[in-house]
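Reader: Hey, I've got this structure open and I'm a bit lost. Can we walk through it together?
Author: Sure, let's take it piece by piece.

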Amino acid sequence: MRASTPSMPRTWPDRLRWAIADAWTVARRDLIHWFRQPFGIVVTLLFPVMLVLMFGYLFGGAMSVPGEGASGGGDYREFLLPGMFAMTMAFGLEATMTSVATDAARGVTDRFRSMPMAPSAVVLGRSMADMLNSVLGLSVMVACGLLVGWRWNESIGEALLAVGLLLLLRFSLLWVGIFLGLVARSPEAVAAVQILVWPVLFLSNTFVAPETMPGWLGAISEWNPLSATVAATRELFGNPGWGGETWAARNALLMAVLWPMVIFAVFFPLSVWRYRRLSH
Amino acid sequence: MYGERLLTVSRLDKEGVVESKKFAVFAEGLQKRFGEAEALGGLDLRIPEGGVCGLLGPNGAGKTTAVRILSTLLRPDGGRAEVAGFDVVRRAEQVRYSIGLAGQHAAVDEILTGRQNLETFGRLYHLGVREARRRADDLLERFGLADAAGKQAKDYSGGMRRRLDLAASFILSPPVMFLDEPTTGLDPRGRNEVWESVRALVAGGTTVLLTTQYLEEADQLADRICVIDAGRAIAEGTPESLKSGVGGDRIDVVVRSAGELTAAARIVGRVCGADPDVDGESRKVSAPATDRVAVLTQTARALSDAGVKVEDIGVRRPTLDDVFLRLTGHRAGEEEEEVAA
């Protein structure tokens with residue numbers, strides 16, 4: 001009558017294998033969502049594509065692009081695309097937060113916690129699923145960029161490094177999303193975060209060069225973590241528009257590594273703490 | 001022949017020992033605070049194996065907090081608890097292998113199909129891919145969801161969703177199941193479907209701890225009842241014994257118009273020799289009836305002599321509603337101060 005009960009692993013390699021298997025099962029659930037809700041995925045992917053077309057063709061003519069880039073200075077779409085890549089990564093934060101908050105509100109998180117699965121798998125599975133999602137999103141953006149005339153002008157190695165930096169930013173923001181999702185506990189609160197993401201997005205070098213902003217605003221923009229990744233990827237892709245006055249802008253590559261590490265160092269422990277707090 | 005007898009006796013003894021030592025759920029002095037609010041102030045529970053134990057109490061009495069502690073979701077501030085013989089804090093992992101939890105929301109993935117939901121949870125119980133799939137089909141059949149196995153959970157009716165939730169918490173056939181208001185928000189049909197499933201679980205030997213706001217649900221399902229109020233158990237026993245504890249039979253008189261309530265109350269009070277309860281909303285007067293037949297005939301005659309227009313009159317056994325009202329001072333479903341869980 002009773003289904004065979006597997007015994008709990010005792011040694012830590014077994015426990016690790018267990019945690020990864022559980023995390024994969026949790027992540028797999030999200031992958032099934034892709035196939036069950038193809039329309040939702042398409043809408044999510046099309047939004048940044050729409051922004052590329054809007055900024056690239058509608059506003060692009062009015063934008064001045066700093067620096068004499070490889071393409072003779074001034075191709076706005078070459079300037080824009082790395083910013084759009086980073087923006088896609090930043091939007092991922094909302095997706096993570098929505099998923100975490102929805103699971104908490106629907107009782108799915110409680111169900112997981114009442115099951116004999118690896119406790120870390122809930123969060124680990126979420127990060128696996130979201131990173132896979134981001135790779136897909138980034139691939140679509142790169143394809144879209146290539147269609148509108150964006151190119152990487154440096155070696156393929158440097159281009160891959162740039163992709164790595166973008167995913168590093170996504171990975172760090174993932175933990176911000178998990179933390180905020182655990183704090184919010186309801187998907188409705190995501191709207192509030194969406195309102196905050198946009199100023200951060202515009203207060204960066206994503207759409208315009210900070211040099212064109214008032215001095216103090218430009219400085220804030222150049223210190224924006226998003227700007228660091230954007231500037232670094234522009235440099236690695238060989239796209240125009242990198243460089244600037246502040247220390248942060250001159251060391252964009254370093255900052256593009258440091259910022260995500262700082263964000264991770266702050267929000268990973270916060271997420272773990274918040275997850276543990278669920279039982280208090 | 002001789003040997004057989006010995007065997008029987010020793011087996012009985014052994015079972016007797018297990019019975020007396022092991023409760024399905026055992027809690028002693030459980031305490032839990034949320035900031036200023038005290039959710040549990042020393043809750044004691046002893047639930048023997050088998051059957052359904054109904055945990056009743058007003059909103060905010062601590063029912064959900066108790067279930068969350070017993071299912072390892074919350075840590076108690078004080079006291080201790082064992083489920084299926086395992087301490088809920090120190091041996092949480094073993095407890096999780098021994099319980100199923102179906103909460104107030106159907107905690108299933110809406111986008112996944114019924115089968116995909118059960119397969120996913122089966123894998124998380126480490127059944128292995130093939131076994132998880134087999135078990136999913138088993139449970140879909142058992143909980144009457146086989147026809148909807150390939151449909152997404154968001155297209156299920158409320159009753160189907162709760163049954164899927166029950167099935168998911170029953171993947172390991174755990175000895176103890178916690179059902180936290182499993183039918184809240186369901187229509188009568190959905191409620192009946194869930195009740196049928198719960199009865200089937202109990203028939204299979206599972207011990208069910210059920211919290212509910214519907215006293216009818218407790219009356220339908222529970223073999224034992226524990227009433228809690230303000231974070232403490234205030235009464236425990238079979239529904240029958242609790243009802244007897246409230247007193248004997250009662251007479252109910254429903255009058256046609258509210259204006260006649262006072263006259264009816266005076267008559268009922270005189271016949272029964274006790275102060276009657278008067279409920280203006282349902283235009284009902286009720287009082288303890290020591291002698292069923294005498295009270296009924298005398299009251300009916302006196303009312304008719306006085307010209308009071310009666311809509312309904314009857315003598316009945318006390319209900320859980322009476323138990324609840326007597327013990328907690330208010331009716332079930334009335335709000336007490338809400339304690340956030």
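**Helices, sheets and a chain contact**

Author: Let's start with a helix pair: α4(B) and α5(B) are oblique to each other. Keep in mind that this is a predicted model.

Reader: OK, at what angle do the axes of α4(B) and α5(B) cross?
Author: They cross at roughly 135 degrees, and the axes come within 8 Å. An angle counts as roughly antiparallel only over 145 degrees, so this pair is called oblique.

Reader: Is the crossing of α4(B) and α5(B) left-handed or right-handed?
Author: The crossing of these two helices is right-handed.

Reader: Which residues in α4(B) and α5(B) meet?
Author: On the α4(B) side you'll find B:Gly114, B:Arg115, B:Leu118, B:Glu119, B:Gly122 and B:Arg123. On the α5(B) side they meet B:Val129, B:Ala132, B:Arg133, B:Arg135, B:Ala136, B:Leu139 and B:Leu140. By class, the residues of this contact divide into six nonpolar, two polar and five charged.

Reader: And how do α4(B) and α6(B) pack, at what angle?
Author: Those two pack at about 25 degrees, with their axes 9 Å apart. Under 35 degrees counts as roughly parallel, so α4(B) and α6(B) get that label. Their crossing is right-handed.

Reader: Which residues make the contact of α4(B) with α6(B)?
Author: From α4(B) there are B:Gly114, B:Asn117, B:Leu118 and B:Phe121, and from α6(B) there are B:Leu164, B:Ala167 and B:Ala168. Five of the residues in this contact are nonpolar, two are polar and none is charged.

Reader: Cool. Switching to sheets: in what order do the six strands of the open sheet in chain B come?
Author: The order is β6-β7-β8-β3-β9-β10, and the pairing is mixed. The edge strands are β6 and β10 of chain B, which each pair on one side only. From one strand to the next, the twist averages 15 degrees.

Reader: Does α6(B) fit in there somewhere? I mean, which strands does α6(B) touch?
Author: Helix α6(B) packs on this sheet and touches β6 and β7 of chain B. The direction of α6(B) makes about 160 degrees with that of β6(B).

Reader: At the other end, how many bridges pair β9(B) with β10(B)?
Author: Five bridges, in the antiparallel sense. To find one of the partners, look at B:Val227, whose bridge partner in β10(B) is B:Ala235.

Reader: What about the sheet with four strands, what's its order?
Author: That open sheet in chain B runs β12-β13-β11-β14, with antiparallel pairing. Its edge strands are β12 (277-279) and β14 (310-316) of chain B. Neighbouring strands here are turned by 15 degrees against each other on average, ignoring direction.

Reader: Which helix packs on that sheet and touches β11, β12 and β13 of chain B?
Author: That's α10 (residues 261-272) of chain B, and its direction makes about 10 degrees with that of β13(B). Helix α11 (residues 292-305) of chain B lies across β11 and β14 of chain B, at about 165 degrees to β14(B).

Reader: How many bridges join β11 to β13 in chain B?
Author: Five, between strands that run antiparallel. Looking at β13(B), B:Lys284 is the bridge partner of B:Val254, and B:Ala287 is the bridge partner of B:Ile251.

Reader: And how many residues lie between β12(B) and β13(B) in their hairpin?
Author: Four, and B:Arg283 in the turn has a positive phi of about 50 degrees. Three bridges join these two antiparallel strands, and B:Val278 has B:Val285 as its bridge partner in β13(B).

Reader: New topic: how many residues of chain B are in contact with chain A?
Author: 29 residues of chain B are in contact with 25 residues of chain A. On the chain B side, α3 (92-98), β6 (99-102) and α4 (114-124) each give two or more residues.

Reader: Which of the elements gives the most to the side of chain B that touches chain A?
Author: That's α4(B), with four residues. By class, this side of chain B has 13 nonpolar, ten polar and six charged residues.

Reader: Last one: how far apart are the end C-alpha atoms of α6 in chain A?
Author: They are 41 Å apart. The helix has 29 residues (156-184), so at 1.5 Å a residue it should span 42 Å, which agrees. Just after α6(A), A:Arg185 takes a positive phi of about 65 degrees.

Conventions:
Residues are numbered from 1 along each chain as its sequence is written. Chains are lettered from A and ligands numbered from 1 in the order in which they are written. This is a predicted model: local features need pLDDT of at least 70, side-chain atom pairs count only at pLDDT 80 or more; totals for chains, interfaces and linings use all residues. Two strands pair if DSSP finds at least two bridges between them. Axes are lines fitted to C-alpha atoms, for helices over the stretch in contact, and angles run from 0 to 180 degrees between N-to-C directions. Two residues are in contact if their C-beta atoms, placed from the backbone, lie within 7 Å. Ala, Val, Leu, Ile, Met, Phe, Trp, Tyr, Cys and Pro count as nonpolar, Asp, Glu, Lys and Arg as charged, and the others, Gly among them, as polar. The expected span of a helix is 1.5 Å times one less than its number of residues. Angles under 35 degrees count as roughly parallel, over 145 as roughly antiparallel, 65 to 115 as roughly perpendicular and the rest as oblique. A crossing is left-handed if the near helix is turned anticlockwise from the far one by less than a right angle, and right-handed if clockwise.
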